[in-house]
Each structure stands twice: as structure tokens, then as C-alpha cells.
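Work through the exercises below with the sequence and the model open. Try each task before you read its solution.

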Amino acid sequence: MTQATILVTGGAGYIGSHVVRQLREAGLPVLVLDDLSTGFREAVLDAPLVVGNVGDAALLDDLLPRHQVQSVLHFAARTVVPESVADPLRYYGNNTCATRNLLAACVRHGVQHCVFSSTAAVYGPNADGRASEDTPTEPISPYGRSKLMSEWMLRDLDANASLRHVILRYFNVAGCDPQGRIGLSTRGSTLLFKVACEVATGQREALAIFGTDYATPDGTGIRDFIHVEDLAAAHLRALAHLRRGGASLTLNCGYGHGYSVREVIAAVERASGARLRVVEQARRAGDIPALVADAQRIRTLLGWQPRHDDLDEIARTALAWERRLQQRAS
Ligand code: UD1
């Protein structure tokens with residue numbers, strides 16, 4: 001790899017900060033751009049941070065040439081599905097319009113590569129069971145649509161030879177840095193592992209299981225949980241692919257097998273050594289019974305191999321981080 005600076009937008013967030021850490025460990029020069037609206041200054045560790053908005057054209061016109069940026073890893077986005085339903089224009093503004101401004105600046109300043117954080121939410125309810133990259137997209141939330149529109153912009157820029165990309169469609173990201181330096185700090189998160197760890201640490205009364213009557217082996221929903229360390233490693237591989245001159249790609253990021261809500265709860269119980277208080281509730285609107293990645297393409301095309309495909313490891317690292325957050329707050 002050459003040593004041109006890599007701009008990481010949203011690098012102070014959960015997934016972005018793990019990628020920044022791995023890039024730094026690989027000796028690559030990184031500049032983080034994050035407005036700290038949902039990210040945390042301490043999450044970038046010792047990486048250089050510019051506090052600003054990814055849609056700010058004047059800021060980008062300064063940063064991109066000054067740091068000779070050739071590659072952008074674009075994480076900055078809002079990611080809470082129910083919030084996107086309540087306030088869609090905020091999502092189209094933050095996720096789609098800001099991405100448009102970022103991409104326009106990339107084109108103006110000759111940036112060559114973009115690795116983009118997309119989501120399995122682009123598939124929609126028809127992708128019940130298993131989704132491959134060729135499964136038709138049909139997002140049902142403004143969040144999913146805001147991400148899909150960004151995918152379209154990237155494909156159009158590839159088609160006219162302006163910018164090459166790797167679009168990574170994340171399945172259910174969980175777990176934290178095994179060394180406990182960074183983790184998922186987002187307040188008010190509704191993600192299953194986060195909620196379970198908050199119950200295990202006494203910050204929440206109980207965990208609600210949303211639906212126990214699905215046509216799955218134990219009646220609860222099934223998802224493909226990928227450890228954030230493996231997901232971060234996929235970004236480094238995607239970047240290396242683009243820097244080698246590789247063609248634009250769209251790739252699922254998951255393990256290709258799933259666990260149920262009850263299996264996740266059991267893993268968090270094993271990690272904490274105590275039972276979680278659980279209440280069974282009705283299905284949550286918008287949830288599908290099962291979603292697992294067809295995850296062969298990323299292995300074949302990028303040579304990516306999971307190293308942390310272990311639900312207990314995900315639970316241990318997520319719980320350790322939750323305890324650390326709790327200590328910090330007290
Ligand atoms: C969520 C997003 C999805 C996004 C993904 C990764 C929603 C509706 N979907 O996926 O768009 O791509 O995160 O960021 O927000 N569950 C419970 N109790 C809880 C929380 C969750 O039973 O307190 C169940 C859910 O019903 C589901 C599973 O756990 O079956 C996973 O849920 P969650 O962690 O919220 O992720 P997704 O909804 O799959």
C-alpha cells in the first residue's frame with residue numbers, strides 16, 4: 001500500500017473506530033472526520049481527528065487536497081431504524097445528501113477509492129432467510145433507503161470512471177475490541193447484544209424478546225452476528241483491493257450462519273455468570289424472522305476469513321466493554 005492519507009468519516013463511532021484502530025496498527029496514515037454527534041472523541045485513540053460534518057463542502061475542499069487523500073472510508077451516518085421512520089428527512093439529509101456532498105468533493109479532488117458502510121437493511125422483508133448480494137433490494141425503512149441511494153451514487157460514479165468503491169453490507173455487528181480499548185458507546189441503542197449487556201450490568205430491568213412465535217427452531221428471530229473486529233478487517237481488505245486497482249464490488253459482511261435471540265441471551269448469561277431477566281413480548285414491527293448472509297463472495301474476492309466467529313467471544317467482549325462504560329460513568 002502507498003502512504004497517502006486515508007480519510008475515515010465517522011471514525012469516532014462504533015465500527016469506524018475499530019477500523020481506525022486496525023488501520024493505525026497496520027501503519028497506515030489516517031485522518032478522522034467526525035462531528036461527534038453520536039461518536040466519541042476518545043474512541044479515535046491517538047488518531048488525528050477533525051471535528052466537522054461530512055457534508056461540509058468547504059471543509060472537504062480544505063482537507064482532501066491538504067492531506068492528499070486518495071481513499072475515503074465512509075462510516076458517518078445515522079443508523080437507528082425507528083428514528084429514521086419518525087424523522088426521515090433527517091436520515092436523507094445526514095446519510096444521503098451528506099454522502100452526495102462527500103462524493104462530489106472526492107470527484108473534485110481526484111480521490112480514487114471509497115469503502116462505504118451499507119447495511120443488510122437494503123434487502124427488506126423479501127430477504128427472509130438468506131440474502132446474497134444479488135437478492136433484490138427493497139428497503140422498508142428510510143434508513144435502508146438512505147443507504148441504498150448512496151450505493152446508487154457510488155455505482156453511477158464507477159460507471160463514469162470517477163471513483164471506484166467497495167460497498168460493504170453489514171449484517172448484525174456485535175462485540176468489541178478484545179483488548180477493551182473501544183466499544184459500542186451509543187446511548188439508547190436498541191441492538192440486541194447491547195440491550196442484553198445493559199441488563200447483565202443492571203442498567204436495565206429486563207430484556208424484552210420481541211416475538212417467540214416465529215417459524216424458527218426456538219420461536220425467536222435469527223440473525224447473522226459478525227464480530228466488529230472481523231468486520232473492521234474486511235474494510236482493510238477492501239481498501240487493499242481498491243489500491244491494487246481492483247474493480248468496484250458490493251459485498252455482504254456476515255458469517256453465513258445465524259443465532260437466535262435466545263441463543264444470544266444464553267451467551268450473555270454464560271459471559272456474566274448470571275441469568276438475565278427476560279420478558280416475552282409481541283413481535284416488533286418491521287422485524288423479519290431470520291436474516292443470514294450468503295457470505296461467500298467476500299471470502300472469494302477479498303480473501304477475508306473470520307477470526308472471531310464465536311458467539312461467546314462476542315458476548316464476553318461486549319459485556320467487558322459495557323462494564324468499563326459503567327465504571328467510567330460512576
Ligand atoms: C438492526 C436494524 C437494521 C440494521 C442492523 C445493524 C432495526 C429494526 N433493524 O437490525 O436495519 O442493519 O440493526 O445495525 O433496527 N431483539 C429482541 N429484543 C431486543 C432487541 C432485539 O428480541 O431488545 C430481537 C429483534 O427482534 C431481532 C434480533 O433481536 O430478532 C436482532 O435485533 P437488533 O439487534 O435490533 O438488530 P436488527 O433489527 O436485526
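**Exercise 1: Two backbone oddities**

L45 lies in the loop between β2 (30-34) and β3 (49-51). Helices (H or I, at least four residues) and strands (E, at least two) are DSSP runs, numbered from the N terminus. This is a predicted model: local features need pLDDT of at least 70, side-chain atom pairs count only at pLDDT 80 or more, and totals for chains, interfaces and linings use all residues. Residues are numbered from 1 along each chain as its sequence is written, and side-chain values use heavy atoms, with hydrogens and water left out.

Task: find the sign of phi at L45, and state whether A161 is buried or exposed.

Solution.
- Step 1. L45 is not a glycine, yet its phi is positive, about 55°.
- Step 2. Check its surface. Buried means under 20% relative accessible area, exposed over 50%, partly exposed in between (1.4 Å probe, protein chains only). L45 has 39%, so L45 is partly exposed.
- Step 3. Move to A161, in the loop between α5 and β7 (164-170). A161 also is not a glycine and has a positive phi of about 65°.
- Step 4. A161 has a relative accessible area of 70%, so A161 is exposed.

**Exercise 2: Aromatic pairs**

Task: describe how the rings of Y91 and Y143 are arranged, then do the like for Y255 and W304.

Solution.
- Step 1. Know the rule. Rings of Phe, Tyr and Trp (its six-membered ring) pair if their centres lie within 6.5 Å; planes under 30 degrees apart count as stacked, over 60 as edge-to-face and the rest as tilted.
- Step 2. The structure holds four aromatic pairs. In one of them, Y91 and Y143 have ring centres 6.4 Å apart and planes at 90°, so this pair is edge-to-face.
- Step 3. Place the partners. Y91 sits in helix α4 (residues 88-108) and Y143 in helix α5 (residues 142-159), so the pair ties together parts 52 residues apart in sequence.
- Step 4. Check burial. Y91 is buried at 0% relative accessible area, and Y143 is buried at 9%.
- Step 5. Y255 and W304 are stacked, with 6.5 Å centre to centre and 10° between the planes. This pair links distant parts of the chain, 49 residues apart: Y255 is in the loop between β12 and β13 (259-260), and W304 in the loop between α9 (296-302) and α10 (311-329).
- Step 6. Y255 is buried at 4% relative accessibility. W304 is buried too, at 2%.

**Exercise 3: A threonine in a strand**

Task: which side chain makes a polar contact with the side chain of T250?

Solution.
- Step 1. Locate T250 in strand β12 (residues 249-253).
- Step 2. T250 has 14% relative accessibility, so T250 counts as buried.
- Step 3. List its contacts (heavy atoms within 4.5 Å). Leaving aside neighbours within four places in sequence, T250 is in contact with E133, R155, I167, R169 and R297.
- Step 4. Look for a polar contact (a pair of N or O atoms within 3.5 Å; within protein, one must be able to donate a hydrogen and the other to accept it, and residues adjacent in sequence count only if both atoms are side-chain atoms). The partner is the side chain of R155, at 3.1 Å.

**Exercise 4: A buried serine**

Task: which residues does S141 touch, not counting those up to four places away in sequence?

Solution.
- Step 1. Find S141 in the loop between β6 (129-131) and α5.
- Step 2. S141 is buried, with a relative accessible area of 6%.
- Step 3. Beyond those sequence neighbours, S141 touches V81 and S84.
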